[in-house]
Amino acid sequence: MTPILISACLLGHAVRYDHSHKQIHHPLIAQWHKEGRLIPICPEVSAGLPTPRPPAEIQPGYTGTDVLKQVALVQDTQLRDLSTAFIQGAELALKLALQHHTHIAILKENSPSCGSQTIYDGHFSGQKVSGMGVTAALLRQHQIHVFNEFQIDEVATLL
């Protein structure tokens with residue numbers, strides 16, 4: 001049985017910046033949870049960031065890959081540099097995936113950590129751009145298939 005790394009907020013854990021969750025109700029998620037396949041993680045909370053906390057975004061024009069290369073920052077609305085925590089969280093997620101020998105992750109879209117296709121534009125404007133968050137980028141660099149909450153059926157096909 002293949003384990004699946006999953007954003008804790010998608011399972012109803014109140015770990016998002018505003019101390020909320022984004023629980024998804026999908027029959028396959030319920031089945032995988034019952035089977036014990038799901039390995040929840042919030043990279044940001046794992047790295048020690050509190051909830052609630054100000055929202056954070058990757059600097060405009062950059063992605064999580066750039067943060068990992070240390071050529072861009074993750075900043076909150078007060079322009080505090082949170083890059084170290086985001087990188088540490090990504091490394092903890094990778095470590096957990098490797099410990100469980102998984103090659104699949106379902107992560108929260110749009111997040112500066114977990115976005116796999118889109119992230120916010122870095123202006124705190126609510127606009128989204130193509131790109132990956134820090135954790136999604138690191139996992140992909142290590143050949144872990146990263147999906148978002150809208151791709152559950154694709155995960156099932158891969159399993």
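User: How many of the eight residues of α5 are buried?

Analyst: This is a predicted model, and burial here means under 20% relative accessible area. Six of the eight residues of α5 meet that limit, so the helix is largely enclosed by the rest of the structure. The buried residues are Val134, Thr135, Ala136, Ala137, Leu138 and Leu139. Just after α5, Gln143 has a positive phi of about 60°.

User: What is Val134 in contact with, leaving aside its neighbours within four places in sequence?

Analyst: Its partners are Ile58, Gly64, Val67, Leu68, Val74, Phe86, Ile87, Ala90, Pro112 and Ser113. Val134 also belongs to the largest nonpolar core.

User: How should one read such a core, and which of its residues touch the most other members?

Analyst: In soluble globular proteins, nonpolar side chains tend to be buried together. In this model the largest nonpolar core has 31 residues, and those touching the most other members are Leu5, Val67, Val74, Phe86, Leu107, Val134 and Leu139. Two or more residues come from each of β2 (38–41), β3 (56–58), α4 (83–99), β5 (104–107) and α5 (134–141). The greatest share is that of α4, with eight residues. There is also a second, separate core of 18 residues, which includes Cys9, Trp32, Cys42 and Ile152.

User: What pattern do the helices and strands follow along the sequence?

Analyst: The protein contains six helices and eight strands. Their order is β-α-β-α-β-α-β-α-β-β-β-α-β-α. The radius of gyration is 14 Å, close to the 15 Å that the globule rule gives for 159 residues, so the protein is as compact as a globular protein of that length. Along the principal axes, the C-alpha atoms fill a box of roughly 40 × 30 × 25 Å.

User: What percentage of the contacts with a separation of 6 or more is accounted for by residues 24 or more positions apart?

Analyst: Contact is taken as heavy atoms within 4.5 Å. Residues 24 or more positions apart account for 64% of the contacts with a separation of 6 or more. As for burial, 50% of the 159 residues count as buried.

User: What does the protein expose, and how are its charges placed?

Analyst: The exposed area is about 7700 Å², of which carbon and sulfur atoms supply 52%. The protein has 11 positive and 13 negative charges, and the mean positions of the two sets are 5 Å apart.

User: Turning to the backbone, which residues other than glycine have positive phi in loops, and where do they lie?

Analyst: One of them is His19, with phi near 60°. His19 is placed in the loop between β1 (4–7) and α1 (27–35). Another is Phe124, whose phi is near 55°. Phe124 is found in the loop between β6 (118–120) and β7 (128–130).

User: Are these two residues buried or partly exposed?

Analyst: A residue is called partly exposed when its relative accessible area lies between the buried limit of 20% and the exposed limit of 50%. His19 is partly exposed, at 44%. Phe124 is likewise partly exposed, with a relative accessible area of 31%.

User: Which peptide bond is cis, and where does its proline lie?

Analyst: The angle to inspect is omega. The bond from Thr51 to Pro52 is cis, and its omega is near -5°. Pro52 is located in the loop between α2 (43–46) and β3.

Conventions: Residues numbered from 1 in each chain as written. Predicted model: local features only at pLDDT ≥ 70, side-chain atom pairs only at ≥ 80, totals over all residues. Heavy atoms only, no water. Helix = DSSP H or I, 4+ residues; strand = E, 2+ residues; numbered from the N terminus. Rg over C-alpha atoms; globule rule 2.2 N^0.38 Å. Buried < 20%, exposed > 50% of the residue type's maximum accessible area, 1.4 Å probe, protein only. Areas by Shrake-Rupley, 256 points an atom, 1.4 Å probe, with all protein chains shown as cover. Lys, Arg positive; Asp, Glu negative; His and termini not counted. Charge placed at Lys NZ, Arg CZ, Asp CG, Glu CD. Core = buried A, V, L, I, M, F, W, Y, C linked by side-chain atoms within 4.5 Å.
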